[in-house]
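Here's a quick tour of one helix and a couple of residues that go with it. Have the viewer open as you read.

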Amino acid sequence: MMIAHVAIWARDLESLKDFYVRWFGATPNARYENRIRGFRSYFLGFGGAGEAASSAGGPGEGLATVRLELMEMPGIAESVPAGQGGDVQHFGLAHIAVKVASREEVVHLTEELRRAGIRVASEPRQTGDGYFESCILDPEGNRVEITA
């Protein structure tokens, strides 16, 4: 088994897509749009050029090892009301982890992001579960761990 993709409900789809393309080398597919529902999305591929998803962005169609689906639609909740758990679609997720080649790259990318005005949530460090990582916040406040 493997994870097919991770999805994030976005407030500003284009800005979030541009963030992952610029800073993490993601390759987006063509934007999908369902005008009836007001739903729009991108699948972003990580792991090599041209490896996003099929042009339709459908499930299971991507060639990349890892895909991130960014979605936008009217009516998504800001947060989950107590007791409703998975019954309510809401913005964000827990975190995404992006693996880089070395500890030095974790430090370097963290500093580049900081200089660009991106908020660093946690400095590069060795974790108890064996990762060397830092954590930044994307434009919508989602946590992105940078790991080696």
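In H1, the buried residues (under 20% relative accessible area with a 1.4 Å probe, protein chains only) are Leu 13, Leu 16, Lys 17, Phe 19, Tyr 20, Trp 23 and Phe 24. Looking down the axis of H1, these fall within an arc of 160°, so they line one face of the helix; the arc is taken over directions from the axis to the C-beta atoms. The helix covers residues 13-24, and Gly 25, with a positive phi near 65°, comes right after.

A word on the source: this is a predicted model, where local features need pLDDT of at least 70, side-chain atom pairs count only at pLDDT 80 or more, and totals for chains, interfaces and linings use all residues. Residues are numbered from 1 along each chain as its sequence is written, and side-chain values use heavy atoms, leaving out hydrogens and water.

Now for Asp 138, in the loop between strands E8 and E9. Asp 138 is buried but has no salt bridge (a Lys or Arg side-chain nitrogen within 4 Å of an Asp or Glu carboxyl oxygen). Asp 138 touches Leu 16, Phe 19, Tyr 20 and Val 144, leaving aside residues up to four places away in sequence; touching means heavy atoms within 4.5 Å.

Here are some distances to compare:

| Pair | Kind | Distance |
|---|---|---|
| Asp 138 and Arg 11 | nearest side chain of opposite charge | 7.3 Å |
| Asp 138 and Tyr 20 | side-chain polar contact (N or O atoms within 3.5 Å, donor to acceptor) | 2.9 Å |
| Val 21 and Phe 46 | C-alpha to C-alpha | 9.4 Å |

Technical notes. Helices (H or I, at least four residues) and strands (E, at least two) are DSSP runs, numbered from the N terminus. The expected span of a helix is 1.5 Å times one less than its number of residues. Buried means under 20% relative accessible area, exposed over 50%, partly exposed in between (1.4 Å probe, protein chains only). Lys and Arg count as positive and Asp and Glu as negative; His and the chain ends are not counted.
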